[in-house]
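Welcome! Please take a moment to look over the sequence and the model shown here before reading on.

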Amino acid sequence: MRIEILPDDIALAARAAGVICGAGPRAHIGLPTGGTPVRAYAELARRAAAGDCDLSGVTAWAVDEFAGVPAGTRGTNAAFFARHIAFPLRALHLPDAGAADAAAEAAAFASRLRDAGGLDLCVLGIGVNGHIAFNEPGAPADAQARAVDLAPESRAAHAAAFGSLDAVPERGMTLGIADILAARAILALASGAAKAEIVRRAIEGAPSAAVPASWLQRHGNVTWLLDEAAAASLARR
Ligand code: GLP
């Protein structure tokens, strides 16, 4: 596991953009939503417009999506990507938030990903409760893509995006821990003081379902990009 500590969120975004640009012209890349990667996506758009980064042959796969609301509903990951992915990609695949059977939709999505050869790079954020994608606490290392009940803190984090807490779906769809660990490389991002304690548990704690991000310790090619604030609680620096 490599840990890079960047001075701030801006430097972290630039470094993340550099890794994503370097994934290869035909790479398959898993992408997260959330506040953490927004600056990196803006930086990718800037580099693409300047001709410094060409992702037009890259296929992106959302690592998760909400379930039980029409696709494109304000607050969904589809809406997030429509707003923040302002650079050309070959394709961007998401599970359909409006699918009648979310469990079947999540499984079919992961099956399409495997048929395409799997992820060359999986970019991840980390939730304050240690989730990666929508693998909430309790997710075992062999968790497959599936429909999940969202943790209260995860729903609360999306209240503003959906307009109110009541509007946030109760369920989501996610790639499983197993799908994520099958990626050839993983890039995990965390910024801000609110993530410091969970980052410490994910990186320095024993791997456990209590902190799903700790399962990343089992992967041989993981890079954590942390800003100073998110790295503040690490013992080994
Ligand atoms: C969200 C997403 C995750 C994301 C995480 C962290 O709910 N499901 O894919 O990585 O929470 O979000 P943020 O970067 O806003 O802290």
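This report covers the sheets, one helix and the cysteines.

## About the model

This is a predicted model, in which local features need pLDDT of at least 70, side-chain atom pairs count only at pLDDT 80 or more, and totals for chains, interfaces and linings use all residues. Residues are numbered from 1 along each chain as its sequence is written, and side-chain values use heavy atoms, with hydrogens and water left out.

## The seven-stranded sheet

Let us begin with the strands. Helices (H or I, at least four residues) and strands (E, at least two) are DSSP runs, numbered from the N terminus. Two strands pair if DSSP finds at least two bridges between them. In general, strands of a sheet pair through backbone hydrogen bonds, either parallel or antiparallel.

One open sheet has seven strands in the order β1-β10-β9-β6-β2-β3-β5, and its pairing is parallel. At the edges are β1 (2-6) and β5, each of which pairs on one side only. Neighbouring strands of this sheet are turned by 20° against each other on average, direction ignored; here axes are lines fitted to C-alpha atoms, for helices over the stretch in contact, and angles run from 0 to 180 degrees between N-to-C directions. For a look inside the sheet, find strand β2 (residues 28-31), which runs parallel to β3 and is joined to β3 by four bridges. There, L31 stands opposite A62 in β3.

## The three-stranded sheet

A second place to look is an open sheet of three strands, ordered β4-β8-β7 with antiparallel pairing. Its edge strands, β4 (64-67) and β7 (146-149), each pair on one side only. On average, neighbouring strands of this sheet are turned by 30° against each other, direction ignored.

Four bridges link β7 to strand β8 (residues 171-174) in the antiparallel sense, and R146 stands opposite T174 in β8. Helix α4 (residues 102-115) packs on the sheet and touches β4, β7 and β8, with its direction at about 130° to that of β7. Contact here means heavy atoms within 4.5 Å.

## A closer look at helix α4

Helix α4 has 14 residues and reaches 20 Å from its first C-alpha to its last, close to the 20 Å expected at 1.5 Å a residue; the expected span is 1.5 Å times one less than the number of residues. Which residues of α4 are buried? They are A102, E105, A106, F109, A110 and L113, where buried means under 20% relative accessible area, exposed over 50%, and partly exposed in between (1.4 Å probe, protein chains only). These residues cover an arc of only 130° around the axis, which puts them on the same side of α4; the arc is that of the directions from the helix axis to the C-beta atoms. Among the elements covering them are β3, β4, β7, β8 and α7 (177-181).

A110 has a relative accessible area of 2%. Leaving aside neighbours within four places in sequence, A110 is in contact with A145, L175 and D179.

## The cysteines

A disulfide is a pair of cysteine sulfur atoms within 2.5 Å, and by this rule there is one. C21 and C53 form it, with sulfur atoms 2.2 Å apart. The torsion about their S-S bond is about -110°, so the disulfide is left-handed. C21 lies in helix α1 (residues 9-21) and C53 in the loop between α2 (38-49) and β3 (59-62), so the pair ties together parts that are 32 residues apart in sequence.

C21 is partly exposed at 22%, whereas C53 is buried at 7%. Why is C122 without a bond? The closest cysteine sulfur, in C21, is 17 Å from the sulfur of C122, too far for a bond. C122 is buried, with a relative accessible area of 0%.
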